[in-house]
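The report below follows the strand pairing, the turns and a few individual residues, and is best read with the structure in view.

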Amino acid sequence: MCLAVPGKVLSIEERDGTRMATVDFGGVVKEVCLEYLPDLRVGEYAIVHVGFALQRLDEESAHRTLELFENLGMLQEEFGDPWEQAAQAGGSDGLGREVQR
């Protein structure tokens, strides 16, 4: 599943003519394209989907949404290790051991 996840802009730079940001998603830090929100600034929050900041968000709403996603296990699903997820889906822990379900 791909979620639109709120994140806080930690830094902004231009790379090859594209405005990019380092964004914190409740402890997971990713690079995000800011071309759809050219006036977004460091310290502000945005909803991000597939690597693009799509909409500015206030801090309180961002924290509530991140907390909800965390409680539902959706952040791990969205940002977790894809190799681990594939192994668990296949009934193994990635080390050849069966996973209890």
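In this predicted model, strands β1 (residues 5-15) and β2 (residues 18-25) run antiparallel and are joined by 7 bridges. Within this pairing, Ile-12 faces Ala-21 of β2 across the strands. Strand β2 also pairs with strand β3 (residues 28-33), again in the antiparallel sense, and 6 bridges connect the two. Here Thr-22 of the one strand stands opposite Glu-31 in β3. As a general point, side chains in a regular strand alternate between the two faces of the sheet.

The two hairpins can be set side by side, each with its separation and the residue that takes a positive phi.

| Hairpin | Residues between the strands | Residue with positive phi | Phi |
|---|---|---|---|
| β1 and β2 | 2 residues | Asp-16 | near 50° |
| β2 and β3 | 2 residues | Gly-26 | near 65° |

Of these turn residues, Asp-16 deserves a further remark, as its phi near 50° is a positive value in a residue other than glycine. Asp-16 lies in the loop between β1 and β2, and with a relative accessible area of 84% this residue is classed as exposed, because that value is over the 50% cut-off.

Where else does a residue that is not a glycine have a positive phi? Val-50 has one, of about 45°, and this valine is found in the loop between β4 (45-49) and β5 (52-57). Is the residue at this place buried or exposed? With a relative accessible area of 58%, Val-50 is exposed, since the cut-off for that class is over 50%. Val-50 also contributes to a nonpolar surface patch of about 400 Å², which it makes together with Tyr-36, Phe-52 and Leu-54. Val-50 therefore combines an exposed position, at 58% relative accessible area, with a place in the loop between β4 and β5 and with membership of a nonpolar patch.

A contrasting environment is given by Ser-61, which is placed in helix α1 (residues 59-71). Its relative accessible area is 16%, so Ser-61 counts as buried, the cut-off for that class being under 20%. The side chain of Ser-61 is joined to the side chain of Asp-58 by a polar contact of 2.8 Å. Thus the buried serine of helix α1, with its relative accessible area of 16%, has a polar partner in Asp-58.

Definitions and conventions:
Residues are numbered from 1 along each chain as its sequence is written. This is a predicted model: local features need pLDDT of at least 70, side-chain atom pairs count only at pLDDT 80 or more; totals for chains, interfaces and linings use all residues. Side-chain values use heavy atoms; hydrogens and water are left out. Patches are made of residues with over 30% relative accessible area and no salt bridge: like charges are joined within 9 Å, nonpolar side chains (Val, Leu, Ile, Met, Phe, Trp, Tyr) within 5 Å. Accessible areas come from the Shrake-Rupley method with a 1.4 Å probe; for residues, only the protein chains shown count as cover. A salt bridge is a side-chain nitrogen of Lys or Arg within 4 Å of a carboxyl oxygen of Asp or Glu. Helices (H or I, at least four residues) and strands (E, at least two) are DSSP runs, numbered from the N terminus. Buried means under 20% relative accessible area, exposed over 50%, partly exposed in between (1.4 Å probe, protein chains only). Two strands pair if DSSP finds at least two bridges between them. A polar contact is a pair of N or O atoms within 3.5 Å; within protein, one must be able to donate a hydrogen and the other to accept it, and residues adjacent in sequence count only if both atoms are side-chain atoms.
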